[in-house]
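Here are a few exercises to work through with the sequence and the model side by side. Try each task on your own before you read its solution.

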Amino acid sequence: MKGIMWHLVVSIICVVAIVGSAEDPYRFFTWNITYGDISPLGVPQQGILINGQFPGPDIYSVTNDNIIINVFNNLPEPFLLSWNGIQQRKNSFEDGVFGTTCPIPPGKNFTYKMQMKDQIGSFYYFPSLAFHKAAGGFGGFRILSRPGIPVPFPEPAGDITVLIGDWYKTNHKVLQSILDKGKMLMSPDGILINGRGSNDSRFTVEPGKTYRLRISNVGIRDSLNFRIEGHSMKLVEVEGTHTMQTTITSLDVHVGQSYSVLVTADQPPQDYYIAVSTRFSTKLLTTTAVLHYTNSAKPVSGPPPPGPTDLPFSLNQARSIRTNLTASGPRPNPQGSYHYGKINVTRTIILASTAGIVNGKQRYAVNGISFIPPDTPMKLADYFNISGVFRVGSISDNPPLGNGINLDTSVMGADYRAFVEIVFENRENIVQSWHLDGYAFFLVGMDGGTWTSDSRKQYNLVDAVSRSTTQVYPNSWTAVYVALDNVGMWNIRSEYWARQYLGQQYYLRVYTPVKSVRDEYPIPSNALLCGRAQGIKKKHPLLITNTLTF
Ligand SMILES: *[C@@H]1O[C@H](CO)[C@@H](O)[C@H](O)[C@H]1NC(C)=O
Ligand SMILES: *[C@@H]1O[C@H](CO)[C@@H](O)[C@H](O)[C@H]1NC(C)=O
Ligand SMILES: *[C@@H]1O[C@H](CO)[C@@H](O)[C@H](O)[C@H]1NC(C)=O
Ligand SMILES: *[C@@H]1O[C@H](CO)[C@@H](O)[C@H](O)[C@H]1NC(C)=O
Ligand SMILES: *[C@@H]1O[C@H](CO)[C@@H](O)[C@H](O)[C@H]1NC(C)=O
Ligand SMILES: *[C@@H]1O[C@H](CO)[C@@H](O)[C@H](O)[C@H]1NC(C)=O
């Protein structure tokens, strides 16, 4: 865990087995989840380790690979991993959030079986239960293009995961108990870069060479600005979309988001600061890492470069990120051949988030409903026809008139193959970040003020990026288009983790009455059963054996 160097980070951790030539390759991982001592901010604390590592190992994969991860939970409590941005086509059972997947009991294991179907890009995984995310258990997850499918820039000399995120010195269970008591969380204590505090990570580069950095904000709350002293960066990819390559000097990465930039070691040979600092936060936190030239003549010194402080910088940068329509995506045909701007919207969903007190406790809501998890994952209740777990329509397409908040297990119904417009309204004074599982959406617009149908006139209907996490600026709106072509139960959540924990999330049930494995896979043969789904195997022995063999 000491001295993370680029060549170490890129070493392959998994065993690769090719099963048959016609079939897509399999990659197998065995992960041991434990608690262990870490002290990223100089104070010893309890962290969640994967095979002894904090952060966890990177997952390397190629489009269409099958990824088989056997997760052994050696924590004294239930545990689940989820996969931010991995679409789990037809397979929400593997999504690893409580609405779809039973927790792995302490001392037990569960094998995730997922296919990287038609995806490329930079993502990450994280622990989805309790407040585990504040203890670690996260790591990078990349999907490379298949051989022969062109990537719109030369092969970099190195391809490096850079996980940035805010961090608390307080134990995650203490943080969770603050939230359970209905209190707000205090501000984070610092920022980590690949699990380490200031000056503690070192990235070694050879002069003249170009490196790809895959930057993900795996934190709990704060938007972060990323920059490298004396160097510009070329933005090339956003959550699976190759972008029009633009040169930037700093990049705002909102919580839950992932970006790839290219950096060339083209400056005089010395060490440079990599600086990451909070944005839109009352407390300005900054942490640094070191970009070290192999022939460096001088260590870093003095203060790190300051970041931007204004909001327009961020909004303008966000709006300038466009899809490169001539670049290949997961398939060789250019992504531009899919004209999302010419499809008729069949439904508009307006989501407004609120904060308020319910029964004397702090809660967060979307469209007036603060989500409470049921005793049984909704996906399993749906599959086994267990009634009384959730009600489709328990959250509506529009914000309520008042600011009242109700508690419910909120599930919104949607038709398979509908083409939907979702508008995120932010009436609060903070930056929000929203994520949709199971999909990438086209980010067609964002602006200040209140969204009206007139706002559609400024939508980008030509080359908006397709991604799965978007920020919503204070007192502003963000609009996305999404083709609901993935049947399942999909979490839509605030990536601001205290808000997610206290109810700012719900599930979108993308449904078709036709039961066919062409549209959705059956429940995996190894699925854990819990709550009211427990014991159902005995009652319906044939149900579970009729499954796909992976
Ligand atoms: C996981 O790690 C713990 C602690 O190091 C060890 O006791 C246990 O045997 C490991 N389990 C597996 C499956 O490797
Ligand atoms: C637990 O691991 C064993 C192999 O050690 C595997 O056969 C079994 O399927 C795993 N359990 C689940 C629920 O995936
Ligand atoms: C990082 O190192 C530089 C140069 O040695 C020093 O000036 C700076 O104070 C250090 N920062 C921290 C937070 O340790
Ligand atoms: C767009 O992608 C093409 C590859 O198809 C590449 O040649 C071109 O440089 C890219 N343009 C920009 C602005 O990124
Ligand atoms: C969209 O709607 C318009 C007006 O109702 C109709 O003329 C057009 O054919 C529709 N386009 C598609 C692609 O369905
Ligand atoms: C659930 O109900 C549907 C429709 O009534 C039926 O087609 C399906 O077989 C049932 N599933 C189970 C697991 O009983």
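**Exercise 1: The six-stranded sheet**

In E11, the residue that bridges to Ile164 is Ile193. This is a predicted model, so treat each value below as computed from it.

Task: Starting from this residue pair, work out which strands pair here, and which strands stand at the edges of the sheet.

Solution:
- Step 1. Look at the two strands involved: E10 covers residues 158–167, and it pairs with E11 in the antiparallel sense over four bridges.
- Step 2. Now widen the view to the open sheet of six strands, whose order is E11-E10-E13-E18-E15-E16, with mixed pairing.
- Step 3. The edges are taken by strand E11 (190–193) and strand E16 (241–248); each has a single partner strand, so one side of each is left without a neighbour in the sheet.
- Step 4. From one strand to the next, the twist averages 25 degrees.

**Exercise 2: The four-stranded sheet**

Task: Find the residue that stands opposite Ser82 in E8, then give the order of the strands in the open sheet of four.

Solution:
- Step 1. The residue opposite Ser82 is Phe126.
- Step 2. Strand E8 spans residues 121–127 and runs antiparallel to E6, with four bridges joining the two.
- Step 3. The strand order of this open sheet is E4-E9-E8-E6, and its pairing is mixed.
- Step 4. At the edges we find E4 and E6, each pairing on one side only.
- Step 5. On average, and with direction ignored, neighbouring strands are turned by 25 degrees against each other.

**Exercise 3: Ile59, buried or exposed?**

Task: Decide whether Ile59 is buried or exposed, and state how many residues separate Ile59 from Arg142 in sequence.

Solution:
- Step 1. Place the residue: Ile59 is part of strand E4.
- Step 2. The cut-off for buried is under 20% relative accessible area. Ile59 has 0% relative accessibility, so Ile59 counts as buried.
- Step 3. Ile59 and Arg142 are separated by 83 residues in sequence, while their C-alpha atoms are 6.2 Å apart in space.

**Exercise 4: Backbone features in loops**

Task: Walk through the loop between E3 and E4, then visit Lys90, and note what is special about the backbone.

Solution:
- Step 1. Asn51 sits in the loop between E3 and E4. Its phi is positive, about 50 degrees, although Asn51 is not a glycine.
- Step 2. With 32% relative accessibility, Asn51 counts as partly exposed.
- Step 3. Pro55 is also found between strand E3 (45–50) and strand E4 (59–62). The peptide bond that joins Phe54 and Pro55 is cis, with omega about -10 degrees.
- Step 4. Lys90 lies in another loop, between strand E6 (81–84) and strand E7 (109–115). Lys90 has a positive phi of about 60 degrees, and is not a glycine either.
- Step 5. Lys90 counts as partly exposed, at 27% relative accessibility.

**Exercise 5: A nonpolar surface patch**

Task: Which residues join Leu325 in a nonpolar patch on the surface, and where does Leu325 lie?

Solution:
- Step 1. The patch consists of Leu325, Leu461 and Val462, and together they have about 230 Å² of accessible area.
- Step 2. Leu325 belongs to the loop between helix H3 (311–320) and strand E21 (347–358).
- Step 3. The relative accessible area of Leu325 is 31%, so this residue is partly exposed.

Methods: Residues are numbered from 1 along each chain as its sequence is written. Chains are lettered from A and ligands numbered from 1 in the order in which they are written. This is a predicted model: local features need pLDDT of at least 70, side-chain atom pairs count only at pLDDT 80 or more; totals for chains, interfaces and linings use all residues. Side-chain values use heavy atoms; hydrogens and water are left out. Two strands pair if DSSP finds at least two bridges between them. Axes are lines fitted to C-alpha atoms, for helices over the stretch in contact, and angles run from 0 to 180 degrees between N-to-C directions. Patches are made of residues with over 30% relative accessible area and no salt bridge: like charges are joined within 9 Å, nonpolar side chains (Val, Leu, Ile, Met, Phe, Trp, Tyr) within 5 Å. Accessible areas come from the Shrake-Rupley method with a 1.4 Å probe; for residues, only the protein chains shown count as cover. A salt bridge is a side-chain nitrogen of Lys or Arg within 4 Å of a carboxyl oxygen of Asp or Glu. Buried means under 20% relative accessible area, exposed over 50%, partly exposed in between (1.4 Å probe, protein chains only).
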